[in-house]
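Reader: I would like to learn how to read a model like this one. Please take me through it a feature at a time.

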Amino acid sequence: MPCKNYREALIETAATGGAPSRELRSHLDACASCRASFAEERQLFATIDADLHAAVNSEVSASLLPRVRARLNEQPAPRRFWIPAWTAVVVAAALVFAVVSVRYFKREPARSIPDGGSVASRVVPGDIPKATVLGAIEKTPPSARSHFVGLKRVSRNASVEEISVLLPAGRKEAVDSWVADLRRGTATADEMPAEKAGQPLGDLKISPLGVSPIEMTPLEDVSGNSASENKPTKD
Amino acid sequence: MQELVLIQPGGIAEDELAQEQAQAALRREFEERLAECGPLAFRVARGVLRNSADAEDVAQEALLRAYRRFEHLRDRARFRGWLVRISFRLAIDRTRSSKRREVRETLWSQSAPRPSTEDLAATSEFQAHLDRAMEELPEKHRLVLLLAAMQGHTLEEVAAMLGLPIGTVKSRLFFARKQLAEKLRCHVKTIEKR
């Protein structure tokens, strides 16, 4: 085998400082050039090691430790922070509570009822866009649907949502008092003043359409008068 | 008539007392390690800086830093490896800053007398090449090389100190030595030819 094939093995053996393999040894026995190279490599590593040893194992100055001790005495003692073990638990619990509270209060305005019994007082005029009204009604529970004539969400992005509700005439006071009861806690949402679906609304009054009689005038007179009026005058 | 007032010694709060006791215990524990590990810090710094005075300064700084952070070290068995890394890091930083300083000084004193080429060769040309080759090594290889070169450090001890598997230490050492040899080979031949 040519010498260049042993080159890498030769360097690796010298680098590890181990004994050459049997194959390499037999080649080194036969090849004087490789033997010299191997000796050079070993010498190189030995020089490197000697230099490193000299650098790293030099005598430590006797003054090092006293100097360090003197500096340690000058140093303020490292402050030990006494944190009881349960502090972490308390902090974790407080964090969880804070997160839950923030989430709860963020959701709360949507659930709460607007101020001042204004639910019934904001009666929206009849020009509510039909799509909005229908969409809102579809979202309400079926049991309550018959009582809403229309519902419009006034401000979608506001923190407190204001809702206007169209009510049958004369129902405003009843709904107002129910909302007040609800706030006081004396009423529940189930007790909404509602009449059962299918029942007619008692307060609604239907009046017959009244048309006043029209006075009829003969067409001829009108045309005659108008003809005489429209006739051009000659001076 | 003179009025006498009985002054009772103020009782030190229990937690303060406990804190002082803990600090004293910490100091004792550190001092026990100081005698054993002080030379180690110095040698690591010496291996990087190649200068005893600088190495002593760095070792001192490393030991002070170690003391300041000693109580944060949870696994005290790792103190040696921890100190070695602090010392190594500080020594590397010092080398870099001194190089910057050298560059500045060279720019300012261009006319300063320089040693002749022959003088350089006569002193330690090989060592200069070796220093340069060492600086070019990856830091992880360099640290292993220095620790393995220290007297009384087996590869197993180096591995335990650095918290590395023995195989990793062996391979780092091998590559470091091989890399150094590759960089120095041509210089050795040049020097020998003179």
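Author: We will go through the contact between the chains, then a core, then one backbone angle. Keep in mind that this is a predicted model.

Reader: How many residues does each chain bring to the contact?

Author: Residues count as being in contact when their C-beta atoms lie within 7 Å. Here chain A brings 28 residues and chain B brings 41 residues.

Reader: Which helices of chain A supply at least two residues each to that side?

Author: They are α1 (4-16), α3 (32-56) and α4 (64-74) of chain A. The largest share, ten residues, is from α3(A). Sorted by class, the side of chain A that touches chain B holds 16 nonpolar, seven polar and five charged residues.

Reader: Which residues touch the most other members of the largest nonpolar core?

Author: A core of this kind is made of buried residues joined through C-beta atoms within 7 Å. The largest one has 56 residues, and those touching the most other members are Ala41(B), Val44(B), Ala45(B), Ala59(B), Ala62(B), Leu83(B) and Val144(B). With nine residues, α1(B) gives the most to this core. Take Ala62(B): beyond four places in sequence, its contacts are Ala41(B), Leu83(B), Ile86(B), Ser87(B) and Leu90(B).

Reader: Where is Arg50(B) found, and is this residue buried or exposed?

Author: Arg50(B) sits in the loop between α1 (14-49) and α2 (52-68) of chain B. A residue is buried if 20 or more other C-beta atoms lie within 10 Å of its own. Arg50(B) has 21 such neighbours, so it counts as buried.

Reader: What is the phi of Arg50(B)?

Author: Phi of Arg50(B) is near 60 degrees, which is a positive value in a residue other than glycine.

Conventions
Residues are numbered from 1 along each chain as its sequence is written. Chains are lettered from A and ligands numbered from 1 in the order in which they are written. This is a predicted model: local features need pLDDT of at least 70, side-chain atom pairs count only at pLDDT 80 or more; totals for chains, interfaces and linings use all residues. Two residues are in contact if their C-beta atoms, placed from the backbone, lie within 7 Å. Helices (H or I, at least four residues) and strands (E, at least two) are DSSP runs, numbered from the N terminus. Ala, Val, Leu, Ile, Met, Phe, Trp, Tyr, Cys and Pro count as nonpolar, Asp, Glu, Lys and Arg as charged, and the others, Gly among them, as polar. A residue is buried if 20 or more other C-beta atoms lie within 10 Å of its own, exposed if 12 or fewer, and partly exposed in between; C-beta atoms are placed from the backbone.
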